[in-house]
Amino acid sequence: MRRAKGLGLRAEGMIENVTRRHFLGGVFSAGAFVLAARVMPDELFAQAPAARSLLSQVEKSALRPSIYLGIEPDGTVYIVTHRSEMGTGIRTTLPIIAADELDADWSKVKIEQGIGDARYGDQNTDGSKSIRDFYDAFRLAGASARTMLVSAAAAQWGVPVSECTARIHEVVHGPSNRRLGYGALATAAGKLPVPSAAQVRLKTKNEWRFIGKDFPAYDLSDIVAGKAMFGMDAKREGMLYASIEHPPVLGAKVRSINDAQALKVPGVRQTATIDAYKPPLMFQPVGGVAVLGDSTWAVMQGRRRLTVDWDLGPNASFESEAFKKELIATVHQPQKVVRAVGNVDAEFAKGGKTVEATYYTPLLAHASMEPPVAVADFRDNKVTIWASVQNPQATQDTVAAALGINKDDVTVHVTLLGGGFGRKSKPDFAAEAAVLSKKAGKPVKVVWTREDDLKFDFYHSTAAVYHKAVLDGSGKPSAWLARSAFPPIASTFEHGARYALDLENGMGLVDLPYELANHQVENGPANAHVRIGWFRAVANNYHVFASGSFVDELARAAGRDSLEYLLELIGPGRVIDLKPQLKGADYWNYGAPLDKYPIDSRRLRHVLEVAGEQSGWGKRKAGGGWGMGVSAHRSFNTYVASVVEVEVDKTGRVRVPRVVQVFDAGLVVNPAAAKQQFEGAAVMGVGLAMLGEISAAGGRVQQTNFNNFQVARMNSAPVRVDVHQVDTDNPPSGIGEPGVPPIIPALANAIFAATGKRVRDLPIGKTKLI
Amino acid sequence: MPITLTVNGSPRSFDGDPEMPLLWYLRDELGLTGTKYGCGAGLCGSCTVHRDGNAVRSCQTPMKALAGGQIITIEGLSPDGSHPVQQAWMKANVPQCGYCQAGQIMQAVAFLRTTPKPSDQQIDTAMSGNICRCGTYQRIREAMKSVADGGRA
């Protein structure tokens, strides 16, 4: 038995034939087979889902040795993806693993999207951990089914199991060359006991047919044909549409409403209030006034004619420009120590060449192309949701709390997500739809406008980070101080929280892998005046923008090549144990066990070296508007080095002709999808560094749409992103997020190389470069 | 007076709010949900369709302006995703989340019709009104160039 530490989950090798226990209600077609590979707390697995009438196709299959996998007598293999598809390919990549171990014919595999259900284990598609945490379970699901099919065939033929092998959707008896298809065997196999993990032989690497091969997305043809179903496309008979006027300032409360003009708009049926949240925020709706009616257009028009008088509350004092100064003042004062080795103060007192710099990054919005959207159908004190959510179980919890009903009475269907980037793990919009459906007595679809999306996000936090180092005679830092301040994610879960969580400190602040005799890291307090959430790569983005830029500043102060200097700073290849250096903090390691996923400087060095080779680093002299920048960082247990090349023209306009992304994520199940993620990460990184900013005045977010919240477009994105996958025998680690952080300092460093201008405030676009 | 138009070849008659953008007529009334809402302000291109062969932003095109118009949406581009641009999109494995891709494809198809052999610069100019938050731009360019080069999937 293996324990996934820190997750409260058990990845259990033992698989049970759930058909026999009648555990799943027995609605599967007679003689179906479902394999219940268990990655969930035992107590949840043991709960009979009495209230549940909705069974997955897997649960209805003839052979079902796992909750993730079932086989029907016609040979169709159903595989549940319990994680949300927002563009990473996970809906395809997890099933590949089970299908490979099953030795399935991929054309006979049907993928089913799992509803929110604790029996699937963790469904929060977040933290780049779907493969890391479910690789073993999906392998076991496929291999257990294969083992049972082989046993069933051997029994049918009356031959030893050892003479039978699985070969692409059938079992073959070697000596007689008899064959039986998986479909023909499913019913008999479904009657066998599920083997223990020890009885199941997993394929060896050279037997893999799918794992490690390029797979296009399962939904690819539907997407290009316009047939793929996103949350925006969900529809229920008799449904009303709703557009919600949210509080203009976080925490504002309705004083009075005049909906007379709104109700005159043809197609508008009614208005309804949504209660303001009660602290802490959690994922509750912020509150507001909804206009409901017959079409999206009607309710958007009605909303424009709605007059709401708000009591704005204390956050109306929030000014992002003044707040920036506060953050910077905070990092210029001593703060809470979270990592310490040696004595930086003593070393600084000795004097020497000192370098110090303060970096700032603004709030950012996720701005997925599909804004938050959900359909809810409340009836008989139960509710069914169709929504593009990253976390259907949190959606169950949030909706249940909003309606005062049981979690089991909330069914959440996950559609495809039109982007997520962390925003859609907060299901406030689904709770809004549920509350409105209950009030209206009809199914309701809540559609956020782009303006709503930008103004009422759970923002990527704004941060200031200060670095100071003193260099020894060889140019290496003999002491290094790092200090951060930013409104923490904790503020969403604990009203008034002001200090970073271990989770945030562990993302690029306390985990710098440099060999330093004297190193101190501090975190200062900051109040949140807007909802703070997590955005692709989270705190790594601002921490690594600062540290990755500072390393470049040190290299230049030392008169050294940036890449060579970075390699020296990382030092010799070794496994780094942070624990003895952490003060009052713990290193969470992205929720992964440190023995399986240690911090290994050899891997970081290697991706850097490859990036140097692939980019042609050092072959062309920088300056005159051309330059390259480099950075490297381990996040989500994956090692990434980025080299960004820039051209800055005489008007100061920045063009990025090429980015080189090198990653070591251990075993990569679907290299095609990984490549796409690292390409996209480079585009997003360049976009947010050049253009991204959410600002506030009087507590109101000032950005309204893509005219003033700029994101990368084709003419501002990197022209070419070359991705290099480094294959190692390490277990699989994150793919979706780790490509972003090093891009940001690599870009700033490239701009310095090209122009001599050091940009320490994002977005870079606000600084005149020439 | 109802407004008459054709959508994907079928004659249609509309007598609702003449100010309503085509986007919502397509999505809410006709159930053609392949065309997506992204910004409602003509800033992102997710809602791009063809009007008389030209790419237009359906969120900025009121119904009253469509009398006699011939509208083609992603659903009408080909019955089965077999249009060369759709095929090129699949071959280049362009989409990530896929939400913006119908708009990207409609924009690309209209552009390639008038500019069959575009330069990179022309592609950038033509496509920069279409945002992809996943960042698939280089594959979009690759797919468009493969069509321009006569490449069929």
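Visitor: Why is the crossing of α3(B) and α6(B) called right-handed?
Guide: In this predicted model, the near helix of α3(B) and α6(B) is turned clockwise from the far one by less than a right angle, which means a right-handed crossing (anticlockwise would be left-handed). The contact is made by B:P84, B:V85, B:A88, B:W89 and B:K91 of α3(B) and by B:A143, B:S146 and B:V147 of α6(B). Contact means C-beta atoms, placed from the backbone, within 7 Å. By class, these residues are six nonpolar, one polar and one charged.

Visitor: What makes α3(B) and α6(B) oblique?
Guide: α3 (residues 84-91) and α6 (residues 137-148) of chain B pack at about 130 degrees, with axes 9 Å apart. Oblique covers what is left after roughly parallel (under 35 degrees), roughly antiparallel (over 145) and roughly perpendicular (65 to 115). The angle of about 130 degrees fits none of those three, so α3(B) and α6(B) are oblique.

Visitor: How do you know which residues and chains these labels mean?
Guide: Residues are numbered from 1 along each chain as its sequence is written, and chains are lettered from A and ligands numbered from 1 in the order written. Local features need pLDDT of at least 70 and side-chain atom pairs pLDDT 80 or more, while totals for chains, interfaces and linings use all residues of this predicted model.

Visitor: What makes β14 (268-274) and β21 (410-414) of chain A edge strands?
Guide: Each pairs on one side only. Pairing takes at least two DSSP bridges between two strands. The open sheet has seven strands, in the order β14-β15-β12-β22-β19-β20-β21 (chain A), with mixed pairing. β14(A) and β15 (residues 288-293) of chain A run antiparallel and are joined by six bridges, so this pair meets the minimum of two. In it, A:T273 stands opposite A:V289 of β15(A).

Visitor: What lies across β20 (382-387) and β21 of chain A?
Guide: Helix α11 (residues 392-403) of chain A does, running at about 140 degrees to β21(A).

Visitor: How many residues of chain A are in contact with chain B?
Guide: 47 residues of chain A are in contact with 43 residues of chain B. α19(A) gives the most to chain A's side, with six residues. That side has 25 nonpolar, 14 polar and eight charged residues.

Visitor: How many residues of domain 2 of chain A are in contact with domain 3 of chain A?
Guide: 15 residues of domain 2 are in contact with 14 residues of domain 3. The centres of these domains of chain A, taken over C-alpha atoms, are 36 Å apart. Domain 2 spans 227-317 + 372-447 and domain 3 spans 463-766 in the domain assignment of chain A.

Terms used
Axes fitted to C-alpha atoms, helices over the stretch in contact; angles between N-to-C directions. Helix = DSSP H or I, 4+ residues; strand = E, 2+ residues; numbered from the N terminus. Contact = placed C-beta atoms within 7 Å. Nonpolar A, V, L, I, M, F, W, Y, C, P; charged D, E, K, R; others polar. Domains from an automatic or database assignment.
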